[in-house]
Amino acid sequence: MATRPDYYKTLGVDKQATAEDIKKAYRKLARQYHPDRNPGDKQAEARFKEISQAHDVLGDPDKRKQYDSGSGAFASGAGPGGGFGGFGNFDFDASSMGDILSNLFGGSTSGRRVRTKPRAEKGADLEAQVSITFDQAVAGAQVPLQVPMHATCPTCHGTGAKPGTAPSVCPRCEGRGIETQGQGMFSISQPCSLCGGAGTVIEDPCPTCQGAGAVRTVKRLRVNIPAGVHDGSRIRLAGKGEPGRNGGPPGDLYLITHVAPSPLFTRKGDNLEVEVPLTIPEALRGADVQVPTLSGTKTLRVRPGTAHGTVQRLRGEGPPKLGGRAGAGGSPARGDIHYRFVIDVPQNLSKEQASAVEELSKTLDGDPRAGLFHNGSPSRDDAAPADAAAKGADDGS
């Protein structure tokens, strides 16, 4: 039968030791024989295993009670460990080392390294609104911007402590940043309730930032707006947000664009649309008309008989496509411009114009509404009496 190990002797405490006494003894010995402090020392590693094994039993009230009474897992002959239910044969491997270090130092371990300072955190992302003209949205621009944000305190340089002093180790978590509570065979870790996970407390705060380590300020920037943005586009500027904490990277700045409307062009996705008025003669006989583009003017050929609402397109004359593939010669791909022809009908006619229209109407044959009365619809002759009856009803006859 296996010899019963004396866990009290291993930790250097007596049997009347309190849970706090056992905890303090374990911490002291574990730090002394920790493998990181004794690289390559097999005796120190073996001693560390014994210390950890003893604390695993005596640090748990239920296990300690069974150990003291020789019952349960510690009954004579119990378990595969020859009398100690496996606790006498402590299986020490990389995973158990990580668990031990986690319980001892209050942080996850990897490669036998323990986090001894607050974790670096990325700065907060910011969002700002920027107003630009239609031309700036199409061509791109560099615009000034003022962004409210937190910046590192110039007095304490981010420590939060009054100059000449420094943050002290948190007395509750002893600098680990977390508190660990035992739950039988398991332990639960959570951020320290005193320091909030920082691992330090500030006893004499900085008079400028009141211990926050940061102050509110307004950062002035000149930001580049890429060509082709829309109204409501969201632009990411990496690293232009608030500074990180504990050496972490800064956050990002997101710009929301507000584009002023153009007096000529209407944005339709990647394309633009323009209304082009035509006179009645131009629509009837066709014409060459000048139309606006983003870089000047061009001539469009209006075909004879062009109807109201007809659209012609100029390919590649629209705004750059934001994030689109490059076109010919490496230039950015561009949208199109759609020209919608609208017939300009005069509201008032002179006598000469009225006479000309009358003569024109006599030469134009056909009824443009004839198609409305096909496919089983009432004929024009059938509809006339109904119209007359309706008129009579309106007249009261």
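A salt bridge is a side-chain nitrogen of Lys or Arg within 4 Å of a carboxyl oxygen of Asp or Glu. By this rule Lys122, Arg236 and Asp252 are linked in a network of salt bridges, and the count for this predicted model comes to 13 salt bridges.

**Exercise 1. The chain as a whole**

Describe the make-up of the chain, its buried share and its accessible surface.

*Solution.* Begin with the secondary structure, where the chain shows nine helices and 17 strands. Next, turn to burial: of the 397 residues in the chain, 30% are buried. Then consider the surface, which comes to about 24600 Å², with 50% of that area belonging to carbon and sulfur atoms. Finally, look at how the chain meets itself: when contacts between residues at least 6 apart in sequence are considered, 62% of them join residues at least 24 apart.

**Exercise 2. Two helices that meet**

Work out how helix H3 and helix H4 are oriented and which residues make their contact.

*Solution.* First locate the two elements, H3 at residues 42-58 and H4 at residues 61-69, whose axes come within 6 Å and cross at roughly 100°. An angle of 65 to 115 degrees counts as roughly perpendicular, and therefore H3 is roughly perpendicular to H4. Now identify the residues: H3 contributes Asp56, Val57 and Leu58, while H4 contributes Lys63, Arg64 and Tyr67. Sorted by character, the residues of this contact divide into three nonpolar, no polar and three charged.

**Exercise 3. Salt bridges in and around the helices**

For the pairs Arg47 with Glu50 and Lys63 with Asp56, give the N to O distance and decide whether each residue is buried or partly exposed.

*Solution.* Take Arg47 and Glu50 to begin with: their side chains meet in a salt bridge at 3.7 Å, N to O, and both residues lie in helix H3, three residues apart, about one turn of the helix. To judge exposure, recall that buried means under 20% relative accessible area, exposed over 50%, and partly exposed in between. Arg47, with a relative accessible area of 22%, is partly exposed, and Glu50, with 40%, is partly exposed.

Then take Lys63 and Asp56, whose side chains meet in a salt bridge at 3.2 Å, N to O. Here Lys63 has a relative accessible area of 8% and is therefore buried, whereas Asp56 has 31% and counts as partly exposed.

**Exercise 4. A bridge between a strand and a loop**

Explain why the salt bridge of Arg313 with Asp336 ties together separate parts of the chain.

*Solution.* Start from the distance, since the closest N and O atoms of Arg313 and Asp336 are 3.8 Å apart. Then place each partner: Arg313 lies in strand S16 (residues 311-314) and Asp336 lies in the loop between S16 and strand S17 (337-343), so the pair ties together parts that are 23 residues apart in sequence. As a last step compare their accessibility, which is 43% for the partly exposed Arg313 and 13% for the buried Asp336.

**Exercise 5. A residue of the loop**

Which residues does Leu322 contact, leaving aside its neighbours within four places in sequence?

*Solution.* Place the residue first: Leu322 lies in the loop between S16 and S17, and it is partly exposed, with a relative accessible area of 41%. With those neighbours set aside, Leu322 is in contact with Pro226, Ala227, Gly228, Val229 and Ser233. For Pro226 the separation can be stated as well, as its C-alpha atom is 7.6 Å from that of Leu322, although the two residues are 96 residues apart along the chain.

Terms used: Residues are numbered from 1 along each chain as its sequence is written. This is a predicted model: local features need pLDDT of at least 70, side-chain atom pairs count only at pLDDT 80 or more; totals for chains, interfaces and linings use all residues. Side-chain values use heavy atoms; hydrogens and water are left out. Helices (H or I, at least four residues) and strands (E, at least two) are DSSP runs, numbered from the N terminus. Buried means under 20% relative accessible area, exposed over 50%, partly exposed in between (1.4 Å probe, protein chains only). Contact means heavy atoms within 4.5 Å. Accessible areas come from the Shrake-Rupley method with a 1.4 Å probe; for residues, only the protein chains shown count as cover. Axes are lines fitted to C-alpha atoms, for helices over the stretch in contact, and angles run from 0 to 180 degrees between N-to-C directions. Angles under 35 degrees count as roughly parallel, over 145 as roughly antiparallel, 65 to 115 as roughly perpendicular and the rest as oblique. Ala, Val, Leu, Ile, Met, Phe, Trp, Tyr, Cys and Pro count as nonpolar, Asp, Glu, Lys and Arg as charged, and the others, Gly among them, as polar.
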